[in-house]
Amino acid sequence: MEVHSYPSNPAAIRLSELATQIRQAIDGVFGNRTFWVIADISSHTYKSQTNYHYFELVEKDKGSAKILSKIAGRAWGNASVNISNFEQATGQKFQNDINVLVQVAVQYNPAFGLQLNLLDIDTSFTLGLFEQQRKETLARLLRENPDFIQKAGEQYFTRNGSLALNRVLQRIAVISSATSAGYQDFKHTLENNTFGYHFIIDDYFTPVQGEANARQFLAKIVEVFQSGKPYDTLVIIRGGGAQTDFLIFDNYELSRAIAKFPVPVITGIGHQKNETIADLMAHTATKTPTKAAELIIAHNRAFEENLLGMQKMMLIKTYQLINYHKDRLAQLNQTTISTSRGLLHEQQLHIISLSRMVLGNPRIILSNRQKDLSNLIGNIQSYNRMYFANKRGYIGHFQSVVRLMSPQNILNKGFAILKVKGKIAGNAEDIEAGTELTVRLAATEIKTTVITKSAIDGNDEFNL
């Protein structure tokens, strides 16, 4: 056995003695005190056999993520029960990198060093962090997207929310988890509707919980947009779950894409408490996938009922119009019959009157017509003599004019007619020197030849 020798120093003590003094000092200051501490969880492990949690409480600098302080911690017994209650209330697992408010007691053990025993965990603090993050995301959406996201009072107005739903919602794109019971409820409700409506459903499956899956979810929204299919609506659904399961629907990029999506978005996310940001940005939010399906069916039913109402109204109006015109035709028929009878009676009386006149006064009528004919014959004879006398006077006048204008009478007055080649020459341009002329006088015809031709004033020899 090896024997150790120690330097002779009366002030030296064993490590255990020092540890005991430290424990006594810590117990003297912190022994009966507890503290509520805000810190991040790190290096967490859980022993299910003993129901023990081992972890470190860490505080980091916000600007650089540098560790400012770190103390080991543990929880067991009632503390482990409190952690389970915390997980059920918040839906948040007690795990690394979560920020918590915990009640701790300071303990120093010479064998394990300084430790913090977790006694309780504040559920409302963690829920408050979720709500704070939610408010910050909403404020950012309003601040960075004023063109398609606005707020009036407590109401949010988005471009998607302002879209008009088609009269019938039939072609539907669905983003959901392939294994979601809510998705099965949604399809079952649509496919077994009592009105026999047919729907075309295209599935875009993706994980729908966990904020880390927000990028995959956003990619599915982009895929729906790039499909080019004329969807009537995009439905986002998932079943129920813990509150943290819905953190994906508070994601900034995801909510922004919903707010500006060009097709109306209907959400049926399965929450029963607070609305997610995705609900606020969508066209219509429902509490469950089944409610989303019922909304679509009710929308289509409202359109059908409107058509049926219009059909019923058209039938009523048609019957009213037919009855109106039927009554009108009956009135016109009665009026026509009454008027016809009156006209026939009036004409019958007129005919009877005329027949009486014809039968009672034939001699008078014939005598009057005979006198009229005699007067007409006398007038015709008188007008005939006057007419022919006037016409004979006109004929004698025209005969005198014709005799005066006859060529022979003009030749008798000393005029002559010139002919060139047997034709009367009325234009001197056709006559040249040497041309043979025939001169016709009243009783004589002379053949001659033109010696010269010169222009003269035609009025010189006939001026009186």
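Helix H5 passes helix H6 in a left-handed crossing, meaning that the near helix is turned anticlockwise from the far one by less than a right angle. The model is predicted, so that local features need pLDDT of at least 70 and side-chain atom pairs count only at pLDDT 80 or more, while totals for chains, interfaces and linings use all residues. Residues are numbered from 1 along each chain as its sequence is written, and side-chain values use heavy atoms, without hydrogens or water.

H5 covers residues 214-226 and H6 residues 252-260, and the two pack at an angle of about 20° with their axes 9 Å apart; H5 and H6 are therefore roughly parallel to each other, a term for angles under 35 degrees. Phe217, Leu218 and Ile221 of H5 meet Glu253, Leu254, Ala257 and Ile258 of H6, where contact means heavy atoms within 4.5 Å. Of these residues, six are nonpolar, none is polar and one is charged.

Several of the names recur in the largest nonpolar core, which has 33 residues, and in which Phe217, Ile221, Val224, Leu234, Phe249, Ile258 and Met281 have the most contacts. Such a core is a set of buried Ala, Val, Leu, Ile, Met, Phe, Trp, Tyr and Cys residues joined through side-chain atoms within 4.5 Å, buried being under 20% relative accessible area with a 1.4 Å probe and protein chains only. H6 gives this core its largest share, five residues. Leaving aside neighbours within four places in sequence, Phe249 is in contact with residues including Phe217, Leu254, Ile269 and Ala278.

Note on methods:
Axes are lines fitted to C-alpha atoms, for helices over the stretch in contact, and angles run from 0 to 180 degrees between N-to-C directions. Helices (H or I, at least four residues) and strands (E, at least two) are DSSP runs, numbered from the N terminus. Angles under 35 degrees count as roughly parallel, over 145 as roughly antiparallel, 65 to 115 as roughly perpendicular and the rest as oblique. Ala, Val, Leu, Ile, Met, Phe, Trp, Tyr, Cys and Pro count as nonpolar, Asp, Glu, Lys and Arg as charged, and the others, Gly among them, as polar. Buried means under 20% relative accessible area, exposed over 50%, partly exposed in between (1.4 Å probe, protein chains only).
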